[in-house]
Amino acid sequence: MTHLLTAPRLAEPDVLYAALMDAHRDLPPDESRKLDAKLVLLLANHIGELAPVLQAIALAKPPPRA
Amino acid sequence: MHFTPPRFAAFAPPRGQDHAAVVIAGGGLVGLTAALDLARHGVRVVVLDDDDTVSTGSRAICFAKRTLEIYGRLGLGSRFLEKGVTWNQGRVFHGEREAYSFDLLPEEGHEYPAFVNLQQYYAEAWLVEACMATGRVELRWRNAVAGIENRADGARLSVTTPAGPYTLHADWLIAADGARSFIRRALGLAFEGQVFRDRFLIADVVMQAAFPTERWFWFDPPFHPGQSVLLHRQPDDVWRIDFQLGWDADPALEQQPERVRARVAQMLGSRGDDVPFELEWISIYTFRCRRMQRFRHGRTIFVGDAAHQVSPFGARGGNGGVQDADNLCWKLAAVLAGQAPDALLDSYDAERIPAADENILNSTRSTDFITPKSDAARAYRDAVLELAAAHAFARPVVNSGRLSRPYEGAGRPAPDAPLLRNGRPDWLLRHTGDGFTVVSNGVVPATGLPAITLGQDFEDHSGLAAARLGLGHGDAVLLRPDQHIAARIAAADAAGIAAAHRASLHAVA
Ligand SMILES: Cc1cc2nc3c(=O)[nH]c(=O)nc-3n(C[C@H](O)[C@H](O)[C@H](O)COP(=O)(O)OP(=O)(O)OC[C@H]3O[C@@H](n4cnc5c(N)ncnc54)[C@H](O)[C@@H]3O)c2cc1C
């Protein structure tokens, strides 16, 4: 089973960030949301394994409120 | 040809107290299936139904392969094949475009297809005829259960009829009185789960339309923007159309025939099709997914919608209920005949509760896709649909209903296969199922049980029977009366076969 990798792996993190900002620029909120959803789906399929994706979901969730 | 609903004469109450070994409360799809199955196992049954006819409207229309095999076992299979509409192909549209199509690809070499569409009223009318032909089923129309006392030795039922009430003692009671089960409520048993905040308009439309024999599902079509629509073909030029309306829809208003006509006309008009049509049945439906905690309560056993309810996308309501009857009836017959202890009936709970959970899980997931509950859910749904048009990976994510399949967690039903008997085409499942059956390959099993041997009684000309059952030369499987594989043994191992048979009846693993 592949583990979700959380150590830095991208050579150009700023380029990634800028590409995401560009993609969302000027989009109404519902289109933005749909764009993110498409990204998640495309990337999850690219990863091709459920386990790291489920770990990512768990990491991304807000911490339970006390 | 068109269906004319039968009207059955009310059953006049017997004088004083009445008694029956097995009573089935509810003569709907599942109660009637159970009655026929028990009768074929030699059990006499009394069926109480508060109505005097069969299902109003088409209701459960998609009969899945396993259900058809069960009706095959009960002697009704050919009627479903002849009258029903066989289909394999489904198409999903998003807006104006086709997003995805699927083929249920029935592999070759099965007597029954993946699905046939048939109005529930036909199925019930044939079940009534078949029940009467057994001579063991007493159908008491317009006999409503209005009171119940659950006792250690059975159930005492208060029954009301047009000619007055009576009391009926049932040694065993099968509660098949539908989603609003009186018996479940009268016994104070919980029925918990989820209600989906959505409403669907369901219409049977009579027309000579040019749609193909396929399941068509639209997300957000131009003729019904923002909602979904499902179309199915049924026999007699009756088409079933389900329009999603949303939670705010007014059920009384939406059922007005003129309003429904306008919706249907818009749908046909958008395809440039303006064939004349008639409305046969209109209903408004809110989906629920819920079940009882246990189905068996002593000598009262719940089946079908009374025990569990699912949303219809996936055709798991009717099919799941018929499979309950398939599981329960041989066990009850064995207990009544003194061949098995009462504890065998606990295996009904053990096998059918996970099956209900699987049906609820699948139908909940479909409903979550079809009726997004939040902005995020809608974004994901629309993202999947938009990606599906161009990218194959997204197509299997589209969920317009995961169609009914048999539950396999508690032993799978034996797969069918073509055989030759005396050179004539035949089917494996036709020769299994009235009792326990041993199927062996090459070697005649040493057993007192009914047996069929590939290569002896039957020619496995395609090799499919041996391959699908995983039978090498000298191997055997023991099939239960519901055609489920109970054990794998060597055909020559008489003691092993006998032990496996005993274990199945005593519900020990
Ligand atoms: C509007 C509608 C649309 C549906 N569409 C679909 C669909 O598209 N696909 C699908 O798979 N399923 C569908 N279903 C569900 C499907 O019809 C059920 O899953 C199936 O009928 C369950 O069979 P049953 O025998 O358990 O219950 P039912 O068929 O409901 O039978 C219950 C029987 O018990 C009788 N009864 C009730 N109370 C009493 C009493 N107190 N005493 C005596 N008799 C009583 C009733 O008259 C009835 O005959 C639909 C249901 C409805 C209502």
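**Exercises on pockets, cavities and a helix pair**

The second largest pocket is lined by 24 residues, and Leu4(A), Leu5(A), Leu43(A), Ile47(A) and Ala56(A) are those nearest its centre. The model is predicted, with local features requiring pLDDT of at least 70 and side-chain atom pairs pLDDT 80 or more, while totals for chains, interfaces and linings use all residues. Residues are numbered from 1 along each chain as written, chains are lettered from A and ligands numbered from 1 in the order written, and side-chain values use heavy atoms, without hydrogens and water.

**Exercise 1.** Describe the space and the lining of the second largest pocket.

*Solution.* Begin with the volume, the space filled by probe spheres set on grid points joined across faces, edges and corners: for this pocket it is about 1,000 Å³. A pocket is an open set of points on a 1 Å grid over the protein atoms alone, with protein on both sides within 12 Å along at least five of seven lines; a cavity is a set where a 1.4 Å probe fits but cannot get out, and lining residues have an atom within 4 Å of a point. Next, find the elements that give two or more residues to the lining, which are helix H1 (13-24), helix H2 (29-47) and helix H3 (50-60) of chain A; helices are DSSP runs (H or I, at least four residues), numbered from the N terminus. H2(A) gives the largest share, 7 residues. Finally, sort the lining by class, which yields 19 nonpolar, 3 polar and 2 charged residues (Ala, Val, Leu, Ile, Met, Phe, Trp, Tyr, Cys and Pro are nonpolar, Asp, Glu, Lys and Arg charged, the others, Gly among them, polar).

**Exercise 2.** Locate the largest cavity and say what lines it.

*Solution.* The search of the whole structure finds 2 cavities of 30 Å³ or more, and the largest has a volume of about 130 Å³. Its lining has 14 residues, with Gln323(B), Asn327(B), Arg352(B), Tyr407(B) and His484(B) nearest the centre. Two or more lining residues come from each of helix H8 (316-336) and helix H9 (346-370) of chain B, and H8(B) gives the largest share, 3 residues. By class there are 4 nonpolar, 4 polar and 6 charged residues. Because domain 1 (17-86 + 116-193 + 289-362) and domain 3 (418-505) of chain B both give residues to this lining, the largest cavity lies between them; the domain bounds come from an automatic or database assignment.

**Exercise 3.** Give the volume of the second largest cavity and the classes of its lining residues.

*Solution.* The second largest cavity holds about 40 Å³ of space. Its lining includes Gly320(B), Gln323(B), Arg352(B), Ser404(B) and Tyr407(B), and H8 and H9 of chain B are the elements that give it two or more residues. Here the largest share, 3 residues, comes from H9(B). The lining divides into 3 nonpolar, 4 polar and 2 charged residues.
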